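Me: Please give me a close look at one part of this protein. Which residues line the largest pocket, and what is built around them?

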Amino acid sequence: MIGPWRIFGADLWDRDYLNLVEPAKITIGANAHDEIAFRAMQAGLDLGYSTSMVSFTRAGCDEMDEV
């Protein structure tokens with residue numbers, strides 16, 4: 001699971017909206033350096049894992065506003 005992953009779809013937004021600034025992606029790092037980027041939002045992630053899912057909290061910027 002480590003590495004960059006493209007985000008191709010979401011329940012709330014179409015692909016053009018997700019890829020507004022750059023291709024939408026989530027990056028899972030081996031050293032707890034995890035990131036997500038879509039629309040005009042970039043954030044670092046704090047990931048949690050189980051056998052059936054991945055969960056996360058985030059902190060970053062959306063159109064230069066802290067989120």
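Reply: A pocket is an open set of points on a 1 Å grid over the protein atoms alone, where a 1.4 Å probe fits and protein lies on both sides within 12 Å along at least five of seven lines; if the probe cannot get out, the set is a cavity instead. Its volume is the space filled by probe spheres set on the points, which are joined across faces, edges and corners. The largest pocket here holds about 160 Å³ of space. This is a predicted model, in which local features need pLDDT of at least 70 and side-chain atom pairs count only at pLDDT 80 or more, while totals for chains, interfaces and linings use all residues. Residues are numbered from 1 along each chain as its sequence is written, and side-chain values use heavy atoms, with hydrogens and water left out.

The lining of the largest pocket consists of Met1, Trp5, Ile26, Ile28, Ile36, Val54 and Phe56, where a lining residue has an atom within 4 Å of a point. Two elements, β2 (25-28) and β5 (54-62), give two or more residues to this lining. Strands (E, at least two residues) and helices (H or I, at least four) are DSSP runs, numbered from the N terminus. By class, the lining has seven nonpolar residues and no polar or charged ones. Nonpolar here covers Ala, Val, Leu, Ile, Met, Phe, Trp, Tyr, Cys and Pro; charged covers Asp, Glu, Lys and Arg; the others, Gly among them, are polar.

Now the setting. The protein has one helix and six strands, in the order β-α-β-β-β-β-β along the sequence. Of its 67 residues, 28% are buried, meaning under 20% relative accessible area, against over 50% for exposed and in between for partly exposed (1.4 Å probe, protein chains only).

Ile26, Ile28 and Ile36 line the pocket and also belong to the largest nonpolar core. Such a core is a set of buried Ala, Val, Leu, Ile, Met, Phe, Trp, Tyr and Cys residues joined through side-chain atoms within 4.5 Å. This core has 11 residues, and besides those three it includes Ile7, Leu18, Ala24, Phe38, Met41, Ala43, Leu45 and Leu47. At least two core residues come from each of β2, β3 (34-38) and β4 (41-49). β4 supplies the largest share, four residues. Ile7 is in contact (heavy atoms within 4.5 Å) with Leu18, Ala24, Lys25, Ile26 and Ile36, leaving aside residues up to four places away in sequence.

Next, the strands. Two strands pair if DSSP finds at least two bridges between them. β1 (residues 3-6) pairs antiparallel with β2 over four bridges, and Gly3 has Ile28 as its bridge partner in β2. On to β3: β2 and β3 are antiparallel too, with three bridges. Thr27 is bridged to Glu35 of β3, and Ile26 to Ile36 of β3. The lining residues Ile26 and Ile36 are therefore also bridge partners.

β3 has four of its five residues buried, so the rest of the structure largely encloses this strand. β3 and β4 run antiparallel and are joined by five bridges. Ile36 has Ala43 as its partner in β4, and Phe38 stands opposite Met41 of β4.

What lies between these two strands? β3 and β4 form a hairpin with two residues between them. Arg39 is in this loop and has a positive phi of about 55°, although Arg39 is not a glycine. With a relative accessible area of 16%, Arg39 counts as buried. Asp16 lies 23 residues from Arg39 in sequence, yet their C-alpha atoms are 8.8 Å apart. Asp16 sits in helix α1 (residues 15-18) and is exposed, at 65% relative accessible area.

The loop between β2 and β3 contains His33. His33 is partly exposed, at 49% relative accessibility. Its C-alpha atom is 8.5 Å from that of Asp46, 13 residues away along the chain.
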